[in-house]
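Work through the exercises below with the sequence and the structure side by side. Each one sets a task and is followed by a solution that goes step by step.

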Amino acid sequence: MHYHPKSDFMRVMFERGFVADCTDYQALDEALLKGVVPGYIGFDATATSLHVGSLIQIMMLRWLQKSGGKPIVLMGGGTTKIGDPSFRAEERPLLTDAQIAANIEGIKRAFSPYVRFGEGATDAIMVDNAEWLDGLNYIGFLRDIGRHFSVNRMLSFESVKSRLDREQSLSFLEFNYMILQAYDFLELYRRHGCLLQMGGSDQWGNIVNGVDLTRRVIDGEVYGLTSPLLTTSDGKKMGKSQSGAVWLNGDLYSPYEFWQFWRNTTDADVGRFLKLYTELPVDECDRLGSLGGSEINSAKIVLANAVTTLLHGAEAAAAAEATAREVFEKGGIGEDLPTVRLDVSELAEGVGIVQLFVRAGLAASGKDAKRLIAEGGAKVNDEIVTDAGLRFGASHLLEPMKLTAGKKRHALVVIG
């Protein structure tokens, strides 16, 4: 892409690797130069927290605000009742209104470290699409909005085609999702003058539909911008670790574990991740990313500290680094490690090593833990464990016990 942006926001997006596609680079760039551009990203409330996979989108909203735009965080209180079928193999389980409300409360907490909410021109606002979707009159909606959608075109979108090609059922409920997402854009334009929708590149079809609908219904000129779908250099989906999702809420995933996730970044990803997930100058990101040998480890610590500071604050980042140093350099035990607390009653018959590794999040299943032990990757207090049948009683836990999986992942086991 040879477009040379003039606005601060678009320049940052290009320089730091946030751009996959845009409906009209030049017109969006000019709109950004003219005044405050409100831009939104939608987040469905399918869990009580967002995970690292959403962080690229949150950073886009942060940069929009830093460069004079107005971030709109759209919570999908309405659309979550359906579930986005994009590129999913099967239908999502339907959530109750109470579950959705609880999830929205949890997700809100992830945004406040990144964007400033308030009443000002560039202050972020959080909006819930249940406001306009819950009260829709179905027949009126079909007449006013549905007539702008060609079923032929809807069937041609990759997200729908992939489901049909595999002959997996796509319910009529889910098929409506893209109409509702397009309608969200139209409503946000009407209510808040929203000119921009952003999202991952899997949302391209949904975003283009919203741009078209807004133009057709009220002749509004709006834009779409997508970011690349991130996989790590070894092909894994961003946001998952061996022990499951890397949540942004500290009560689900401790600041230490979060720090550790970034510290364990593959060498090849360091430069790219510094650009996307921190605010360090681009040349510094390039310099750190090109370090070789053991020096790249210091770049990973810079990455872990910067990303953790943005979300959990500088103190939490410093504490995580100190704990990590204690664990790795001294083989000691840091206080911030994930901890399994055993009740004395559990210890009467002894607790198996396999169960401990699973409960500590160091193995995804019993089978996984047994494989780890068989491959010599499991340690207790820095000693390799070879017996998967090992059991521990109260006498083994007079001191905290340290579990290690591979070289870098640790947990503690304590009584109480």
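**Exercise 1.** Determine which residues of helix H12 are buried.

*Solution.* In this predicted model, begin by locating helix H12, which runs over residues 255–263. Going along the helix, one finds that Tyr256, Phe258, Trp259, Gln260, Phe261, Trp262 and Arg263 are buried. Seven of the nine residues are thus buried, and H12 is mostly covered.

**Exercise 2.** Find the residues with the most contacts inside the largest nonpolar core, and say which helix gives the largest share of that core.

*Solution.* The largest nonpolar core has 100 residues, and those with the most contacts inside it are Phe9, Leu225, Phe258, Trp262 and Tyr277. The largest share of this core, nine residues, comes from helix H10, which covers residues 177–192. To look at one of these residues in detail, take tyrosine 277: leaving aside residues up to four places away in sequence, it touches Leu55, Ile56, Met59, Leu230, Met238, Trp262, Val307 and Leu310. A second core, separate from this one, has 24 residues, among them Ile353, Leu356, Ile373 and Leu397.

**Exercise 3.** Describe how H10 packs against helix H11, and classify the arrangement of the two helices.

*Solution.* Helix H11 spans residues 204–218, and its axis lies 8 Å from that of H10, the two packing at an angle of about 55 degrees. An angle from 35 to 65 degrees is neither roughly parallel nor roughly perpendicular, and H10 and H11 are therefore oblique to each other. The crossing of these two helices is right-handed. On the H10 side, the contact is made by residues including Tyr177, Met178, Gln181 and Phe185, while the H11 side includes Asn206, Ile207, Gly210 and Val217.

**Exercise 4.** Carry out the corresponding analysis for helices H1 and H2.

*Solution.* H1 covers residues 8–15 and H2 covers residues 25–34, and their axes come within 8 Å and cross at roughly 130 degrees. Since angles count as roughly antiparallel over 145 degrees and as roughly perpendicular from 65 to 115, H1 and H2 are oblique to each other. The residues that meet are Phe9, Met10 and Phe14 in H1 and Tyr25, Leu28, Asp29 and Leu32 in H2.

**Exercise 5.** Establish how many disulfides the structure holds, and examine cysteine 22 and cysteine 194.

*Solution.* A search of the whole structure finds zero disulfides. Cysteine 22 is in no disulfide, and the nearest cysteine sulfur, that of cysteine 194, is 14 Å away. A disulfide would need the two sulfur atoms within 2.5 Å. As for their surroundings, cysteine 22 is buried, with a relative accessible area of 7%, and cysteine 194 also counts as buried, at 0% relative accessibility.

**Exercise 6.** Decide whether glutamine 203 and glycine 389 are buried or exposed.

*Solution.* Glutamine 203 is found in the loop between strand E5, residues 196–200, and H11. Its relative accessibility is 14%, and because buried means under 20%, glutamine 203 counts as buried. Glycine 389 lies in the loop between strand E12, residues 383–384, and strand E13, residues 391–392. At 52% relative accessibility, with the limit for exposed set at over 50%, glycine 389 counts as exposed. To place these residues in space, note that the C-alpha atoms of glutamine 203 and glutamate 105 are separated by 24 Å, with their positions 98 residues apart along the chain. Glycine 389 and glutamate 279, which are 110 residues apart in sequence, are 48 Å apart in space, C-alpha to C-alpha.

Conventions. Residues are numbered from 1 along each chain as its sequence is written. This is a predicted model: local features need pLDDT of at least 70, side-chain atom pairs count only at pLDDT 80 or more; totals for chains, interfaces and linings use all residues. Side-chain values use heavy atoms; hydrogens and water are left out. Buried means under 20% relative accessible area, exposed over 50%, partly exposed in between (1.4 Å probe, protein chains only). A nonpolar core is a set of buried Ala, Val, Leu, Ile, Met, Phe, Trp, Tyr and Cys residues joined through side-chain atoms within 4.5 Å. Helices (H or I, at least four residues) and strands (E, at least two) are DSSP runs, numbered from the N terminus. Contact means heavy atoms within 4.5 Å. Axes are lines fitted to C-alpha atoms, for helices over the stretch in contact, and angles run from 0 to 180 degrees between N-to-C directions. A crossing is left-handed if the near helix is turned anticlockwise from the far one by less than a right angle, and right-handed if clockwise.
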